[in-house]
Amino acid sequence: MRLTKSTDIALRIAMRLAVLGNKDDAPTTREVASAVEVPYTHAAKVVSKLQHLGAVEARRGRGGGLTLTAAGRTGSLGELVRELEGVDDVVGCEDDPPCPLRGGCRLRGALRAAQEAFYASLDPLSIADLVESPTGPILLSLTSRPGD
């Protein structure tokens with residue numbers, strides 16, 4: 001199983017925000033995107049989704065910026081990844097053309113169970129857990145690229 005690029009970016013952004021804390025000089029989406037080396041347009045879409053999920057707060061204007069909410073910091077990583085990934089199956093049994101085995105295949109159920117086991121392994125973790133040392137100091141050392 002491989003996470004979507006969007007989920008990968010969301011987790012990197014959440015981790016970056018977690019180590020920065022809720023300072024008065026909260027970073028902009030552009031600054032965070034640059035620090036975690038993702039395109040601004042992708043980061044903007046992901047930040048919007050994280051806001052919708054209640055994991056990130058974005059304030060506009062002077063003194064604005066991004067902060068990770070308490071729910072984003074300490075909420076279940078498994079739940080966050082489930083929300084970001086959606087409820088789609090690992091394989092596309094009902095795609096066009098649909099799989100001819102779908103009426104009696106046991107693979108779909110086995111893959112669903114494996115997918116849920118993957119998410120369940122993330123359930124006890126939080127973004128706060130992910131930024132403990134050595135990851136946190138590495139995230140703090142990231143800077144925006146010149147010209148960004």
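Biologist: A salt bridge is a side-chain nitrogen of Lys or Arg within 4 Å of a carboxyl oxygen of Asp or Glu, so how many salt bridges does a search of the whole structure find?

Modeller: The search turns up 9 salt bridges. Keep in mind that this is a predicted model, where local features need pLDDT of at least 70, side-chain atom pairs count only at pLDDT 80 or more, and totals for chains, interfaces and linings use all residues. Residues are numbered from 1 along each chain as its sequence is written, and side-chain values use heavy atoms, leaving out hydrogens and water.

Biologist: Cool! What does the side chain of Asp123 meet in a salt bridge?

Modeller: Asp123 meets the side chain of Arg82, at 2.7 Å from N to O. Asp123 sits in the loop between H6 and helix H7 (127–130) and Arg82 in helix H5, so this pair ties together parts 41 residues apart in sequence. Helices here are DSSP runs (H or I, at least four residues), strands too (E, at least two), numbered from the N terminus.

Biologist: Is Arg82 buried or exposed?

Modeller: Arg82 is buried, at 16% relative accessible area, while Asp123 is partly exposed at 29%. Buried means under 20%, exposed over 50%, and partly exposed in between (1.4 Å probe, protein chains only).

Biologist: And which residue pairs up with Arg112?

Modeller: Asp89 does, with 2.9 Å from N to O. Arg112 lies in helix H6 and Asp89 in the loop between H5 and H6, so they link parts 23 residues apart in sequence. Salt bridges with shared partners also join Asp89, Glu94, Arg102, Arg108 and Arg112 into one network.

Biologist: New topic! At what angle do H1 and H3 pack?

Modeller: Helix H1 (residues 5–20) and helix H3 (residues 40–52) pack at about 75°, and their axes, lines fitted to C-alpha atoms over the stretch in contact, are 9 Å apart. H1 and H3 are therefore roughly perpendicular (65 to 115 degrees).

Biologist: Which residues of H1 make the contact?

Modeller: On the H1 side they are Ser6, Ile9, Ala10 and Ile13, facing His42, Ala43, Val46, Val47 and Leu50 of H3. Contact means heavy atoms within 4.5 Å.

Biologist: Last one: which residues touch the most other members of the largest nonpolar core?

Modeller: Ile13, Leu17, Leu50, Val56, Leu68 and Ile127 do, in a core of 31 residues. Such a core is a set of buried Ala, Val, Leu, Ile, Met, Phe, Trp, Tyr and Cys residues joined through side-chain atoms within 4.5 Å. H1 gives the most to this core, with 10 residues.

Note on methods:
Axes fitted to C-alpha atoms, helices over the stretch in contact; angles between N-to-C directions. Parallel < 35°, antiparallel > 145°, perpendicular 65-115°, else oblique.
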